[in-house]
Amino acid sequence: MPLIEAKNLSKSYGAIRAVRDVSFAVDRGEVVGFLGPNGAGKSTTMKMLTGHLRADAGAAVIAGFDVADQAVQAKQHLGYSPEGAPAYGEMTVREFLRFAADLRGLADPAESVRKTLELCRLGEVAAQTIDTLSKGYRMRVGFAQAVIHDPEVLILDEPTDGLDPNQKFEVRRILKEMAARKAVIVSTHILEEVGELCTRVIVIAKGEVRCDESRDKFLARGADLNAVFRRLTA
Amino acid sequence: MSSSEKSPSSGLKPFTAMLRREFAGYFRTPLAYVFLAVFNAFAVSLAFFVGGLYESGVASLDRFFLYHPWLWAFLAPAAGARLWAEERRQGTIELLLTWPITVWQAALGKFLAAWLFLACALLMTVPVALTVGWLGDPDWGVIVSGYVGSLLCAGACLGIAAIASALTRSQVIAFVTGFLACFLLVLVGYGVFDELLAGVLGSGGVDEFRRLGLWRNLEPFTLGLVDARPAAYFLSVAFAGLGLSTIIVERR
């Protein structure tokens, strides 16, 4: 059974058809790079997968649970970091993660917070309020709340957006460490990330899947990935 | 880390986590202390300087409670403005809606936390009651029922504030619309719209309409008349507001 299933997902905003009949499935151990130009429907698809947006048609299934009908069970298996990594700015990093752990009803919330702080290298800013953090740390806090319960499914909307090369390296390192046990979807603009991080690539443009193939096959399309990307999304 | 499979979360845990965060949230900013100070200053000074509580020479708090609909109309929307507007502004609504908590659990936690905060503000006015007790010999039963009525009235205003907050990402807009709606409910009780409505509803209808005012429903409590009707009125407004705001959040 795949851990993530998108079945014929569609969503319109008024007259604009943001996502049209998108289907794919992601198994354990896969890291899917979700590529596409701005406004292609990446975030909308992710929002439907995570249960934030209701699909006009189709279904999203997380770990065997329908996101619409069995929302709470589905969300227990899901870690999600939305675009821009929103967080309660007035809380400290530790308070925020503790809240996430309590809200998820984790058995030993204090221990989960400790381990997550360590994993995401957030120990030194644990007592700082999130509003005072640099962008790099804020992104890591968003990532931390998504992995605090060690979910089987991880969906990250542009987790490396705005990070410097060292910080990007850090996020990729953590992701690689945990990827074997999970099904992961990472949306990104950065084509180089595909080679370093992903096992599979899905390209979406104008709300439709344009390409869904293994990393190696995608990389074999041409030496200039930017040209490949332009061709696929035209 | 505990695996997600090993973490069955009962319905209560997410709810109490929500309640605690929201309640503590009020005290994370200086705004809460400003709020409590303003509430107290107005509650006490309106009672003594406008209501003439001391000059009346009567050991009762009805002149103190007389101004509470006005106070709540202003301050409940101030405390309730952040309920959903702040989640939208910060983008955290997207986290909340993808965490394993139902919108109803989250909404109830938020609402009760805000109500509890208003209860704290009200509790801080107990010295007024003690002063009256020291100066005279008041009927403590009446005073307690007045406090209960005031707290219910606060809940009703908060219900309206919750709807206003669910509709916008701006706390300022949430506050202003919430305040205006509560303000109308205060005015209704004073018969401000009587002439306007007489033509439409007839004199009997106008009287019924006036029953919807906040003071009309608080007054019996301040006289020690424990009646189910005004209590039901306040609670229905509170929970209708809670329900409607939740539906608005769910639908968006």
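Here is a walk through two chains, starting with chain B, moving into the strands of chain A, and ending where the two chains meet. Keep in mind that this is a predicted model.

Let's begin with the overall build of chain B. Chain B has 13 helices and zero strands, so its pattern along the sequence is simply α-α-α-α-α-α-α-α-α-α-α-α-α. Its radius of gyration is 20 Å, close to the 18 Å that the globule rule gives for 252 residues, so chain B is as compact as a globular protein of that length. If you lay the C-alpha trace of chain B along its principal axes, the spans come out at about 65 × 50 × 30 Å. Of the 252 residues in chain B, 43% are buried. There is also a lot of long-range wiring in sequence terms: take the contacts in chain B between residues at least 6 apart, and 81% of them join residues at least 24 apart.

For a closer look at how helices meet in chain B, take one pair. Two packed helices are described by the angle between their axes and the distance between the axes. For helix H2 (residues 31-50) of chain B and helix H4 (residues 68-80) of chain B, the angle is about 180° and the axes are 11 Å apart. That angle is over 145 degrees, which makes H2(B) roughly antiparallel to H4(B). What does each helix bring to the contact? H2(B) offers Phe35(B), Phe39(B), Phe42(B) and Ala43(B), while H4(B) answers with Leu71(B), Leu75(B), Ala78(B) and Ala79(B). By class, that contact has eight nonpolar residues, no polar ones and no charged ones.

Now over to chain A, where we can follow strands. Strands of a sheet pair through backbone hydrogen bonds, either parallel or antiparallel. One piece of chain A is an open sheet of four strands in the order S2-S1-S4-S5, with antiparallel pairing. Strand S2 (16-26) and strand S5 (65-66) of chain A are the edge strands, each pairing on one side only. Strand S1 (residues 4-13) of chain A is joined to S2(A) by seven bridges, and the two run antiparallel; if you want a spot to check, Ala6(A) has Phe24(A) as its bridge partner in S2(A). Helix H1 (residues 42-49) of chain A lies across S1, S2 and strand S4 (57-62) of chain A, running at about 120° to S1(A).

Parallel pairing turns up in chain A too. Strand S3 (residues 31-35) of chain A pairs in the parallel sense with strand S8 (residues 183-188) of chain A over five bridges, and also with strand S9 (residues 200-205) of chain A over four bridges. Two pairs of residues help you place these strands: Leu35(A) stands opposite Thr188(A) in S8(A), and Phe34(A) stands opposite Ile202(A) in S9(A). How many of the residues of S3(A) are buried? Five of its five are. Val31(A), Gly33(A) and Leu35(A) point one way from the strand, with Val32(A) and Phe34(A) pointing the other way.

Strand S6 (residues 78-81) of chain A is likewise covered on both faces: Leu78(A) and Tyr80(A) on one side, and Gly79(A) and Ser81(A) on the other, are all buried. S6(A) runs parallel to S7(A), with four bridges joining them, and Leu78(A) stands opposite Val153(A) in S7(A).

Within strand S7 (residues 153-157) of chain A sits Ile155(A), a handy residue to zoom in on. Is Ile155(A) buried or exposed? The cut-off for buried is 20 or more other C-beta atoms within 10 Å, and Ile155(A) has 28 C-beta neighbours inside that distance, so Ile155(A) counts as buried. Leaving aside neighbours within four places in sequence, Ile155(A) is in contact with Met46(A), Leu49(A), Thr50(A), Leu78(A), Tyr80(A) and Ile185(A). Ile155(A) and Val184(A) are 29 residues apart in sequence, yet 5.8 Å apart in space, C-alpha to C-alpha.

Finally, put the chains together. At the interface, 27 residues of chain B are in contact with 31 residues of chain A. On the side of chain B that touches chain A, helix H1 (12-26) and helix H6 (93-96) of chain B each supply at least two residues, and H1(B) gives the largest share, five residues. By class, this side of chain B has ten nonpolar, twelve polar and five charged residues.

Terms used
Residues numbered from 1 in each chain as written. Chains lettered and ligands numbered in written order. Predicted model: local features only at pLDDT ≥ 70, side-chain atom pairs only at ≥ 80, totals over all residues. Contact = placed C-beta atoms within 7 Å. Nonpolar A, V, L, I, M, F, W, Y, C, P; charged D, E, K, R; others polar. Axes fitted to C-alpha atoms, helices over the stretch in contact; angles between N-to-C directions. Parallel < 35°, antiparallel > 145°, perpendicular 65-115°, else oblique. Buried ≥ 20, exposed ≤ 12 C-beta atoms within 10 Å, placed from the backbone. Pairing = 2+ DSSP bridges. Rg over C-alpha atoms; globule rule 2.2 N^0.38 Å.
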